[in-house]
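Here is a quick tour of one protein chain, with an eye on its charged side chains and a few chosen residues. Have the model open while you read.

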Amino acid sequence: HILPNGRLPLRIIEERYIRMLKDSTKAMTGFGIVMVDPKQTGPFGHISPIGTLVRIIDFYTLEDDSLGINVEGITRFIIDDITVENDGLKTANIHYIANWPDQKTTKEDCYLSDKLSEIYQQHPNFNHLYLLKEMENISWVAQRWLELLPISVEQKQLLLQQPDCCCTLEVLKKLIPV
């Protein structure tokens, strides 16, 4: 998953997604990314209701000649309704929810920034996505951890419903002790 100010590489091979990219690029609207949970049986099937509007920041050709793109998260949304088009592409009516406000990283929380920096240094594929890393903004740090940690979709969705990063920080402190 991707959250606001996060970055994600995607491999695009299906025609419906190529059409989606063409349409969103032409209209300059971006597109949404949501989490899918095979265990979930909500009103949208396996699709989780909270997602992120993204914009394309780079196009490239992959080794197998398929299309690669890098996207950046812009803002969170909640799905109101989903429509399935003839080619299987899902479109949704949504409403936006406010992004988590920026919060200065405290001395108590700086170890979370330090550990995230270590992960970026150990994994160049993640590191190269971010020219600027907002390690002094604990909200940014918490969102990057939420993208990376292997916690359940259900738990991530509960945290994403919150108005700020405080609940996520509590979870992170339990999962990543000092």
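K173 and E108 pair up in a salt bridge, with their closest N and O atoms 2.8 Å apart. This one ties together distant parts of the chain: K173 sits in helix α6 (residues 166-175), while E108 is in the loop between β5 (90-97) and α2 (110-122), and 65 residues separate the two. Keep in mind that all of this comes from a predicted model. As for how much of each partner shows at the surface, K173 is partly exposed because its relative accessibility is 28%. E108, on the other hand, counts as exposed, since its relative accessible area is 58%.

Another bridge is a more local affair. R19 meets D23, with 3.5 Å between the closest N and O atoms. Both belong to helix α1 (residues 15-27), and they are four residues apart, about one turn of the helix. R19 comes out as partly exposed because its relative accessibility is 29%. D23 lands in the partly exposed class too, because its relative accessible area is 41%.

Then there is R11 with D64, whose side chains form a salt bridge at 2.5 Å, N to O. Here again distant parts of the chain are linked: R11 is in strand β1 (residues 7-12), D64 is in the loop between β3 (47-61) and β4 (67-84), and the pair is 53 residues apart. D64 has a relative accessibility of 44%, so it counts as partly exposed.

Here are those three bridges side by side.

| Salt bridge | Closest N to O |
|---|---|
| K173 and E108 | 2.8 Å |
| R19 and D23 | 3.5 Å |
| R11 and D64 | 2.5 Å |

How many salt bridges are there in total? The count comes to 10. Some of them share partners, and in this way R19, D23, E85 and D87 are joined into one network.

What about the charges overall? The protein chain carries 18 positive and 24 negative side chains, and the centres of those two sets are 2 Å apart. Side chains of opposite charge can pair when their charged atoms come close. K156 is a case without such a partner: it is buried yet has no salt bridge, and the nearest side chain of opposite charge, that of E147, is 8.6 Å away. You'll find K156 in helix α5 (residues 153-160). Setting aside neighbours within four places in sequence, K156 is in contact with M35, L146, E147, L149 and I151.

Now for two uncharged residues, starting with L21. It is in helix α1. Is L21 buried or exposed? It counts as buried, because its relative accessibility is 4%. Apart from residues up to four places away in sequence, L21 touches I12, F31, I56, L67 and I69. Take I56 from that list: L21 and I56 are 35 residues apart in sequence, and their C-alpha atoms are 8.7 Å apart in space.

V36 lies in strand β2 (residues 31-36). With a relative accessible area of 52%, this residue is over the 50% cut-off, so V36 counts as exposed. Its contacts, leaving aside neighbours within four places in sequence, are H46 and V153. The C-alpha atoms of V36 and S48 are separated by 5.9 Å, with their positions 12 residues apart along the chain.

Stepping back to the whole chain, the secondary structure comes to six helices and five strands. Starting at the N terminus, the order of elements is β-α-β-β-β-β-α-α-α-α-α. Along the principal axes, the C-alpha atoms fill a box of roughly 50 × 40 × 30 Å. Why does the radius of gyration of 17 Å agree with a compact globule? Because a compact globule with 178 residues would have a value near 16 Å.

A few more overall numbers round off the picture. Of the 178 residues, 39% count as buried. About 10400 Å² of the protein chain is exposed, and carbon and sulfur atoms supply 55% of that area. As for contacts between residues at least 6 apart in sequence, 61% join residues at least 24 apart. The K173 and E108 bridge, with its partners 65 residues apart, is one link between distant parts of the chain.

Notes:
Residues are numbered from 1 along each chain as its sequence is written. This is a predicted model: local features need pLDDT of at least 70, side-chain atom pairs count only at pLDDT 80 or more; totals for chains, interfaces and linings use all residues. Side-chain values use heavy atoms; hydrogens and water are left out. A salt bridge is a side-chain nitrogen of Lys or Arg within 4 Å of a carboxyl oxygen of Asp or Glu. Buried means under 20% relative accessible area, exposed over 50%, partly exposed in between (1.4 Å probe, protein chains only). The radius of gyration is taken over C-alpha atoms; the globule rule is 2.2 Å times the number of residues to the power 0.38. Contact means heavy atoms within 4.5 Å. Accessible areas come from the Shrake-Rupley method with a 1.4 Å probe; for residues, only the protein chains shown count as cover. Lys and Arg count as positive and Asp and Glu as negative; His and the chain ends are not counted. The place of a charge is taken as NZ of Lys, CZ of Arg, CG of Asp or CD of Glu.
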